[in-house]
Amino acid sequence: MTEPLLELDDLRTYFYTDTGVARAVDGVSFRVNAGETVGIVGESGCGKSVTALSILRLVRPPGRIEPGSHIRFEGTDLMALDEHEMQKIRGNRIAMVFQEPMTALNPVFTIGDQIAEVARIHAGMSRREAWAKAVEMLTLVGMPAAAQRAGEYPHQLSGGMRQRVVIAMALVMNPALVIADEPTTALDVTIQAQILELMADLTRRLGTSVLLITHDLGVVAENCARVIVMYAGEVVEEATTATLFDAAHHPYTEGLLGAMPRVGGDAERLATIPGTVPPPTAWPTGCRFHDRCPYAWDRCAREHPPLYQIGGGHVSRCHLAEEPERRAHPHPPVAAELGAA
Amino acid sequence: MTTPTTLAPPRTRETAAPLLAVRDLVKHFPIKHGVFGRVTGQVRAVDGVSFDVAPGETLALVGESGCGKSTTGRAVLRLIEATSGSVAFDGQDVLALGARDLRALRRQMQIVFQDPFSSLNPRMTIGAIVREGLTIHHLAEGAAADARVRQLLEEVGLRPEYASRYPHEFSGGQRQRVGIARALSVEPKFIVCDEPVSALDVSVQAQVVNLLQDLQRDRGLAYLFIAHDLSVVEHIADRVAVMYLGRIVELAGVDALYTHPIMPYTQALLSAVPAPEPGVKRERILLTGDVPSPANPPSGCVFHPRCQHPAKDAACSAIVPPLEEKAPGHWAACIKQPPSSVTWDEQRAAGGTKPPEFFLPRAALHRAAQASTSHPPSA
């Protein structure tokens, strides 16, 4: 088996706040292979963005990546690097595309300057070379009249164009991995289609791996080969996209899929997951989903489930793997009785 | 500036008298420059919009940011003043009402806002927030008001004892429930839902959508449901109006719109929605460029610079297309689409127009789902 491009092993990122220790990411392990697009889905507060920031070691106090966490990238243990070495990785081998392009761009520099800066810092290009590179990148991401637009400021561009600039910036150094954190959430649906198409096209051509973080299962279905579902700081299910949509194992995944309005899903009610994601300072004991789960039994409140192997490349953090007959008897979850969210 | 006047107002069902009738609604915002605030232009946020909402109906207003859908919703309630046009609610001319009559009318028309964080006063308890409407409209006082607040909270799925808590103690979904309870407190007939679930996670979004549907069923509420999420709209709406640059470009029943979209913009919009069905590889209509500025909209059909209709020609940039009834109950503003007598199937048979289904695996899925529900497999 080939060496994965990125491998997380027991990543734990905790925030030491006044109200207690928030275990935002709590023992996350997964791998991303070269040239692969992997999706991470989950609701707000499940730890998907903190996972992304942890990979780049951008977690700031009071947050801390706990000792014992391992992040291996291209054979290097990123946790062992000092800040200077880490800077050579960021923007060079691993690039990030953020959700809100306006805050990711500096409003007082032209977009050409901002893209050129990456080339100057990481490739040591001269100003002239770097500017030419910036124009080339803007052309690549489909910016019309790139040479002129390079001299414009972020506020002169629309949201979709800004996100193209951010993608251009991310791809300047031809990174091995792009982490895209909700790259299209702030965009309209027709612009989202343009941007996703662009990302898919460029990463395919350049052989870039993508870690696509999103809450939109439709985006995952169309763009990712493999999906990781996170809940309460943990990976609860991982499978190929086709398997996840056809045969989700974890009740949380099942709930997410049911809550989504489906095509032609006539006047029926949407399935809901009662309650809300618990606060990261107080994850429930046992299975962290048990109080919202329609199948939970006494074991679930007591015993924290490991990631069970369901099939080839399909794992699920649910005791139903050992006692599948319990799925036949759903009941209102505990959270439903406390008053819905 | 002449706005396209509809040949006949797009009506709901022949029988039902509309609860709300909006005709040629226009809202222009002046662009001011210099120290004297000289008006140098107009942002045509809403530029001649007409529609009806029947009692108990959900009309969805969809479109991308800046298309004027929220402005329309607010102008209808007179939260902002329209530039021209008319709004009739239950036979009353809303735009002509004085302050006192308007306040009385607000009992009938309410709004639920998008952002559950900024739409609740952080210094009021949720009990006080829900109670405010009761007091203003003299609906209940003292213990009776307390009891009503508790009842309303229960109806929206919150525990009555939460009345003494403050908004910051609640999650986004719970706050949205408070916003709904506040709107319901005065027992309106009509609620403008301005992106009520856009800020919520998918599981919580489903709870709020279900709640809105239950309330509609139990109370016969009519909704003007403003949204950009086409999946949610498909689920909740009876009819859908698609807006682009301040105009309604297509208005139809939800099934007709999703299976037989007429206007090229609607086709592109629907084809852009990611389908949660892995393996469904779609042919996408990728629109080029961005939505033009409403301060300087294109001439003729506002969509023509981005339109990919095979028959597009100079007429498109010259003629403002009227919103015409192309099929019974199906209104669209496109001069290149034939009128009502020709169905999509006939057009396809004639090889005339590229069928939208080519672009729309979603439409195919929709039809398959309909077929499977109407003809249950004999097991």
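Here is a short chat between a biologist and a modeller about this predicted model.

Biologist: What ipTM does the model score?
Modeller: Keep in mind that this is a predicted model. Its pTM is 0.81, and its ipTM is 0.77.

Biologist: And which residues at the start of chain B have pLDDT under 50?
Modeller: Chain B has a mean pLDDT of 82, with 83% of its residues at 70 or more. Still, pLDDT drops below 50 over residues 340-344 of chain B, a stretch with eight contacts beyond near neighbours in sequence. Where pLDDT is low, the predicted coordinates should not be read in detail. At the start of chain B, the stretch under 50, with 18 contacts beyond four places in sequence, is residues 1-9.

Biologist: Does chain A's radius of gyration agree or disagree with a compact globule, and what is the value?
Modeller: The C-alpha atoms of chain A fill a box of roughly 70 × 50 × 45 Å along the principal axes. A compact globule of 341 residues would have a radius of gyration near 20 Å, so chain A agrees with that, at 21 Å.

Biologist: What share of chain A's residues is buried?
Modeller: Chain A has 13 helices and 13 strands. Of its contacts with a separation of 6 or more, 65% link residues 24 or more positions apart. Out of the 341 residues in chain A, the buried share is 51%.

Biologist: Which helix gives the most to the side of chain A that touches chain B?
Modeller: In this contact, 40 residues of chain A meet 42 residues of chain B. The elements of chain A that give two or more residues to its side are H8 (189-206), H9 (217-223), H10 (241-246) and H11 (251-259). That side of chain A divides into 17 nonpolar, 15 polar and eight charged residues. With six residues, the top contributor is H8(A).

Biologist: Which strands stand at the edges of the eight-stranded sheet in chain B, and why is one side of each left without a neighbour?
Modeller: The sheet is open and mixed, in the order S6-S7-S8-S3-S9-S10-S12-S11 of chain B. Its neighbouring strands are turned by 25° against each other on average, direction ignored. Each edge strand has a single partner strand, so one side has no neighbour in the sheet; the two are S6 (109-112) and S11 (324-327) of chain B.

Biologist: Which residue of S7(B) stands opposite B:Gln110?
Modeller: S6(B) pairs with S7(B), residues 190-194, in the parallel sense over four bridges. Opposite B:Gln110, in S7(B), is B:Ile191.

Biologist: At about what angle to S6(B) does H5(B) run?
Modeller: Elsewhere on the sheet, helix H9(B), residues 264-272, touches S9 (239-244) and S10 (247-253) of chain B, and its direction makes about 105° with that of S9(B). Helix H5(B), residues 172-184, lies across S6 and S7 of chain B, and its angle to S6(B) is about 175°.

Biologist: Over in chain A, what is the bridge partner of A:Leu11 in S2(A)?
Modeller: S1(A), residues 6-17, and S2(A), residues 20-32, pair in the antiparallel sense over nine bridges. A hairpin of two residues joins them. In S2(A), the partner of A:Leu11 is A:Val28.

Biologist: Which residue in S5(A) stands opposite A:Leu8?
Modeller: S1(A) also pairs with S4(A), residues 63-65, in the antiparallel sense over three bridges, and there A:Phe15 is matched with A:Gly63. With S5(A), residues 70-73, S1(A) makes four bridges, again antiparallel. In S5(A), the residue opposite A:Leu8 is A:Ile71.

Conventions: Residues are numbered from 1 along each chain as its sequence is written. Chains are lettered from A and ligands numbered from 1 in the order in which they are written. This is a predicted model: local features need pLDDT of at least 70, side-chain atom pairs count only at pLDDT 80 or more; totals for chains, interfaces and linings use all residues. Two residues are in contact if their C-beta atoms, placed from the backbone, lie within 7 Å. Ala, Val, Leu, Ile, Met, Phe, Trp, Tyr, Cys and Pro count as nonpolar, Asp, Glu, Lys and Arg as charged, and the others, Gly among them, as polar. pLDDT is the predictor's confidence in each residue, from 0 to 100. The radius of gyration is taken over C-alpha atoms; the globule rule is 2.2 Å times the number of residues to the power 0.38. A residue is buried if 20 or more other C-beta atoms lie within 10 Å of its own, exposed if 12 or fewer, and partly exposed in between; C-beta atoms are placed from the backbone. Two strands pair if DSSP finds at least two bridges between them. Axes are lines fitted to C-alpha atoms, for helices over the stretch in contact, and angles run from 0 to 180 degrees between N-to-C directions.
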